[in-house]
Amino acid sequence: GINAEYGPSKDEKKKKKKTAKPVLQSVVERGLVQTEPVYSDITKNHGKYSRLHVDKKLFPGELLGFVTPWNSHGYDVAKTFGAKFNFISPVWLQIVPGAGGGSYRIQGGHDIDAGWIRDVRANGTDLRVLPRLLFEQWSLQHLAQVTSSEAELLHMVQVVVEFFKGEGFDGAVLEVWRQFAGREKARLHRMIMALSEGLKEAGNMATFLVIPPGVQPFPELFDKHDFKILQPYVDRFVMMTYDHHHGTGRPGPVGPMDWGLRNILLIMEHEDNDKYRYKLLYGLNFYGADFRGDGQFEPILGGRYIELLRSSKPNQFIWHLKASEHSFEYREPSGIHKVFYPSLRSLQKRIEAAEKFKIGLAIWEIGQGLDYFYDLF
């Protein structure tokens, strides 16, 4: 989502990555999935995924991976591990209203990489490519305008549909809900329904909707009634079950699992929704957070995490039981830092929970993680 759109640090750009050779055994077979991991096991193995498991999909539910142009390693991940994914969503496009409303244009087309799309599709037999479409610079006024006249709404839908059909995409992942902070829901419902119908009619393109978490420390912007109303129109709902630390303002887990699952249950509370639980994709962060003593934090990606492990050589990780996340501490002249970053164990717990709940998973984003993570999926 919006908060998590971190690019590589300057150091990461400078370094040419040493690529590790794939190995035969998976991380499970090598005994690397542990509640008490050893830092050197991570630094030595994070690039060594199993080449025997590369084409095998282990997670029985659906898997979506977001790819961003600013972490280009994700483009390679999608090609290497394509067989494990059902959906790839490149974060390329924005729809922007014109100055007086009435005209809509899609930006970001320069990022579209048709050759890469071909390669990705060649890899996974049923893999579908659905770029994210971010509603950018939209005010409540724009929303009111586009939904108060049928002609205007159809015009906006047509702009989207023609663009997506012209590029041969399999659908769109709409990021439009959080921008309006729970206001004007009826208008949002109407706009999403119209987009969904337009995409479906124009070539059976799917509509996915990104939804914000609704459990404390966040307000419930999207609820079980919104799900019930939109379910006939929205093929998958991508739940942003991360950035918990943005809400608390304190050092802590990025996407604690007890909280994440409460978000899912909140939507499933409505008995009509339960049979559509397969439409929910639980969001996994592949980035972490490095907290200073004063609670300020920086996002960290896989490369920086490995650097920190190498330089600080932590003698232990703390396993946060309810959150199902690992953290470690390191010392700097300015004080003690706490680092939270996904581990094999934390991911395995979420995969098991998704299997039990019969829901799918969505990764934000596949350029930020460690390659051996994919052995688990």
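This briefing introduces the overall build of the protein chain and then turns to one of its helices, H10. Please keep in mind that the model is predicted. The chain holds twelve helices and 16 strands. Its radius of gyration is 21 Å, close to the 21 Å that the globule rule gives for 377 residues, so the chain is as compact as a globular protein of that length.

**Overall dimensions and packing**
- Measured out along the principal axes, the C-alpha atoms fill a box of roughly 65 × 45 × 40 Å.
- Of the 377 residues in the protein chain, 56% are buried.
- Among contacts with a separation of 6 or more, 77% are between residues 24 or more positions apart.

**Surface and charge**
- About 16,300 Å² of the protein chain is exposed, and carbon and sulfur atoms supply 49% of that area.
- The chain carries 48 positive and 45 negative charges, and the mean positions of these two groups lie 5 Å apart.

**A closer look at helix H10**
- Helix H10 covers residues 257–268, and at 1.5 Å a residue its twelve residues should span 16 Å; the end C-alpha atoms are 17 Å apart, which agrees.
- The buried residues of H10 are Met 257, Trp 259, Gly 260, Leu 261, Asn 263, Ile 264, Ile 267 and Met 268.
- Strands that help cover these buried residues include E8 (206–211), E9 (236–239) and E10 (280–285).
- Helices also take part in the cover, including H8 (224–230), H9 (244–248) and H12 (344–357).

Methods. Residues numbered from 1 in each chain as written. Predicted model: local features only at pLDDT ≥ 70, side-chain atom pairs only at ≥ 80, totals over all residues. Heavy atoms only, no water. Helix = DSSP H or I, 4+ residues; strand = E, 2+ residues; numbered from the N terminus. Expected span 1.5 Å × (residues − 1). Buried < 20%, exposed > 50% of the residue type's maximum accessible area, 1.4 Å probe, protein only. Contact = heavy atoms within 4.5 Å. Rg over C-alpha atoms; globule rule 2.2 N^0.38 Å. Areas by Shrake-Rupley, 256 points an atom, 1.4 Å probe, with all protein chains shown as cover. Lys, Arg positive; Asp, Glu negative; His and termini not counted. Charge placed at Lys NZ, Arg CZ, Asp CG, Glu CD.
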